[in-house]
Structures are given as structure tokens and as C-alpha cells.
Amino acid sequence: MQKRVKKKLVSLYTGELFAVFTFALIWILYIQLFEWSVPHLTASSSLYAFVLLEFILLQGSYYWYLKLKQVQQNDFTPLPGRQLKVFANFKWLNTGLIVIGMFVLIYQIISKPIELYWFVFVFIFAVIEHINYYYVRLSYQTIEEIKELKRQKGFRKSRLAKELDSLK
């Protein structure tokens with residue numbers, strides 16, 4: 001079982017980290033290769049949403065890295081309180097940044113700039129990632145996990161959300 005858990009954690013940790021670097025690379029390549037993308041991708045609102053998404057993905061990668069280190073030491077307990085407090089602070093910071101993003105969204109909708117759809121897409125992606133890490137698990141990768149989701153009739157709390165509850 002420990003090997004399976006390790007393998008899953010390595011996959012989650014490296015997958016999130018890979019996404020961070022891949023998204024950044026694609027973003028930069030689009031700016032370099034496609035002239036039409038420049039006003040969309042270099043607008044401050046789009047950059048804000050993108051940096052928010054990358055920041056949240058880095059948090060996920062860091063969480064899975066810490067869990068992997070624990071499992072490698074045969075420790076299957078929640079993260080230590082000190083580390084959980086870091087994630088509690090990330091959760092609050094993310095929430096504040098998302099609220100700011102909501103104001104940007106309202107402004108974007110009113111002014112209808114060229115980058116509106118890019119901003120909306122990336123911003124919603126960031127919000128979904130935040131929910132996935134800090135509230136409910138939204139990603140189910142295997143057939144067994146999808147079957148379990150159907151059986152339980154709804155989403156379950158994310159692993160990090162359960163651990164953060166232990167702080168209270």
C-alpha cells in the first residue's frame with residue numbers, strides 16, 4: 001500500500017509542478033509566436049489571473065511534496081500544525097486575491113476589453129483550483145474514484161481541507 005500511496009503522491013506533486021512550468025512556457029510561447037495573442041496575454045488583468053493560477057498550483061505542488069516526504073518516513077498523519085498554518089494563510093491570501101479578481105471581473109464586464117475572455121477563463125480556472133485544494137475535491141482521475149463519487153452522491157472534502165479542519 002505504501003508504494004501505491006507514494007506513487008500517487010509523486011504523480012500529484014510532479015503533475016502540479018509540471019503544470020506550473022508548462023502553463024508558463026505555453027503563455028510565453030504564445031506571446032512570442034502569435035502576434036494576435038499579445039494584447040490578450042499581456043494585459044494586466046490576464047497576467048493577474050495567470051499569476052493567481054500559478055500561485056495556487058504551486059501551493060498544491062508544495063502540499064503534495066510535503067505529504068510525499070511524510071509517507072517516505074512512514075508518517076500517515078496530517079501535516080504538522082506549523083505547516084498547516086502556512087496553508088491556512090495561503091487559503092486566506094487566495095481568498096483575498098480572488099475577491100480582488102472579482103472586482104477586476106466586474107470592471108472587465110463593464111468595459112468589455114479585448115482580453116475579457118482570456119481573463120475569465122484563467123480566473124475561473126484559478127478559482128476552481130482553489131476550491132479543489134481548500135474545500136472539496138473536484139478532480140477524480142481513476143474509474144474507481146469516479147464510481148465512488150457516484151456512490152457517495154456528491155463531492156467529498158479535499159485532503160487539505162480535512163487537515164486544515166484539524167487546526168480548529
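Let's start with two helices of this predicted model: H4, residues 81-111, packs against H5, residues 116-134, with an angle of about 155° between them and their axes 11 Å apart. Angles over 145 degrees count as roughly antiparallel, so H4 is roughly antiparallel to H5. The crossing of this pair, H4 and H5, is left-handed.

Which residues make the contact? On the H4 side they are Phe87, Phe90, Lys91, Asn94, Thr95, Ile98, Gly101, Met102, Val104, Leu105, Gln108 and Ile109, and H5 brings in Leu116, Phe119, Val120, Phe123, Val127, His130 and Tyr134. Sorted by class, the H4 and H5 contact holds 13 nonpolar, 5 polar and 1 charged residues.

Between those two helices runs a loop, and Lys112 sits in it. Have a look at its backbone: the phi of Lys112 is near 45°, a positive value in a residue other than glycine. Is Lys112 buried or exposed? Its relative accessibility is 62%, and exposed means over 50%, so Lys112 counts as exposed.

Now step back along the chain to the loop between helix H3 (44-72) and H4, where you'll find Asn74. Asn74 isn't a glycine either, yet it has a positive phi of about 55°. With a relative accessibility of 52%, Asn74 counts as exposed.

Next, turn to how H3 packs on H4. Two packed helices are described by the angle between their axes and the distance between the axes. For H3 and H4, the axes come within 11 Å and cross at roughly 160°. That is why H3 and H4 are roughly antiparallel to each other. Their crossing, H3 with H4, is left-handed.

The H3 part of this contact is made by Ser45, Tyr48, Leu52, Phe55, Ile56, Gln59, Tyr62, Tyr63 and Leu66, while H4 supplies Gln83, Phe87, Phe90, Leu93, Asn94, Leu97, Ile98, Ile100, Gly101, Val104 and Gln108. How many charged residues does the contact of H3 with H4 have? It has none: the residues divide into 14 nonpolar and 6 polar. If some of the H4 names ring a bell, that's fair: Phe87, Phe90 and Asn94, for instance, are listed in the H3 contact and also in the H5 contact.

One H3 residue deserves a visit of its own. Ile56 is found in helix H3, and with a relative accessible area of 0% it is buried. What does Ile56 touch? Leaving aside residues up to four places away in sequence, Ile56 touches Asn94, Ala126, Glu129, His130 and Tyr133. Of these, Tyr133 is 77 residues away from Ile56 in sequence, but their C-alpha atoms are 8.6 Å apart in space.

Last stop: the loop between helix H1 (2-33) and helix H2 (38-41), where Ser37 is found. Unlike the exposed loop residues Asn74 and Lys112, Ser37 is buried, its relative accessible area being 0%. Not counting residues up to four places away in sequence, Ser37 touches Tyr30 and Ile31. The side chain of Ser37 has a polar atom that lies 2.7 Å from the backbone oxygen of Tyr30.

Key:
Residues are numbered from 1 along each chain as its sequence is written. This is a predicted model: local features need pLDDT of at least 70, side-chain atom pairs count only at pLDDT 80 or more; totals for chains, interfaces and linings use all residues. Side-chain values use heavy atoms; hydrogens and water are left out. Axes are lines fitted to C-alpha atoms, for helices over the stretch in contact, and angles run from 0 to 180 degrees between N-to-C directions. Helices (H or I, at least four residues) and strands (E, at least two) are DSSP runs, numbered from the N terminus. Angles under 35 degrees count as roughly parallel, over 145 as roughly antiparallel, 65 to 115 as roughly perpendicular and the rest as oblique. A crossing is left-handed if the near helix is turned anticlockwise from the far one by less than a right angle, and right-handed if clockwise. Contact means heavy atoms within 4.5 Å. Ala, Val, Leu, Ile, Met, Phe, Trp, Tyr, Cys and Pro count as nonpolar, Asp, Glu, Lys and Arg as charged, and the others, Gly among them, as polar. Buried means under 20% relative accessible area, exposed over 50%, partly exposed in between (1.4 Å probe, protein chains only). A polar contact is a pair of N or O atoms within 3.5 Å; within protein, one must be able to donate a hydrogen and the other to accept it, and residues adjacent in sequence count only if both atoms are side-chain atoms.
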